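Let us walk through this structure step by step, beginning with a single residue and then widening the view.

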Amino acid sequence: LNPVRAAMADTPETSEHTSIKQRIEHSRTTPKTNSVTAQTPLLLPFTGNPRQDSPNDIPVLLSDYLALVDETGRMIRSNKRGAIDNKLAPILSRIGLRIELENQQWLTMAQ
C-alpha cells in the first residue's frame with residue numbers, strides 16, 4: 001500500500017514495482033488463482049491452509065489477501081496523503097478476477 005498511501009498510485013493493481021501487482025497480473029492468466037501451483041513462482045504462495053511441513057507458505061488464500069489489502073487501503077489515515085477511493089468497486093471486481101470456488105470440496109468440509 002505504500003504507493004497508494006504516498007498518492008503515487010490510486011489502487012494496488014496500478015502500483016508499480018509491488019508484489020501485489022505482480023500477483024494480480026499473474027492471476028489474470030491463471031484459471032484457478034487460489035491454487036498454489038497457479039501462483040507466480042517468484043513469490044511465496046498463498047496456501048490458505050497452514051501446514052507444518054510447508055512453513056514458507058502464506059496461510060491465507062490469495063483472494064482473501066487481495067480483499068484485505070483493498071479494505072486496508074480504503075482506510076484514511078491522517079498522516080498519509082492517499083487512500084483507495086471508497087466509491088471504487090472491490091478489488092476482485094475491479095481486476096476481473098474470478099475465483100472458482102471448489103463447491104464440492106466446500107460441501108464436503110461443511111458436512
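Between which two helices does the loop that holds Ile58 lie? In this predicted model, Ile58 has its place in the loop between α2, which spans residues 19–27, and α3, which spans residues 62–74.

The surroundings of Ile58 are worth following with care. When residues up to four places away in sequence are not counted, Ile58 touches Arg23, Leu44, Pro45, Phe46, Thr47 and Gly48. Leu44, one of these partners, is 14 residues apart from Ile58 in sequence, and the two are 6.8 Å apart in space, C-alpha to C-alpha. Is Ile58, then, buried or partly exposed? Ile58 counts as partly exposed, because its relative accessibility is 25%, while a residue is called buried under 20%.

Arg23, which Ile58 touches, leads us on to α2, where the buried residues are Ile20, Lys21, Arg23, Ile24 and Ser27. These residues cover an arc of only 160° around the axis, and therefore they lie on the same side of α2. What covers the buried residues of α2 includes α3 and also α4, which spans residues 91–94.

We can now step back to the whole protein, which has five helices and zero strands, so that, read from the N terminus on, its elements run α-α-α-α-α. Of its 111 residues, 33% count as buried, and the protein exposes about 7,700 Å², of which carbon and sulfur atoms supply 53%. Finally, among contacts between residues at least 6 apart in sequence, 46% join residues at least 24 apart.

Notes:
Residues numbered from 1 in each chain as written. Predicted model: local features only at pLDDT ≥ 70, side-chain atom pairs only at ≥ 80, totals over all residues. Heavy atoms only, no water. Helix = DSSP H or I, 4+ residues; strand = E, 2+ residues; numbered from the N terminus. Buried < 20%, exposed > 50% of the residue type's maximum accessible area, 1.4 Å probe, protein only. Contact = heavy atoms within 4.5 Å. Areas by Shrake-Rupley, 256 points an atom, 1.4 Å probe, with all protein chains shown as cover. Arc of directions from axis to C-beta.
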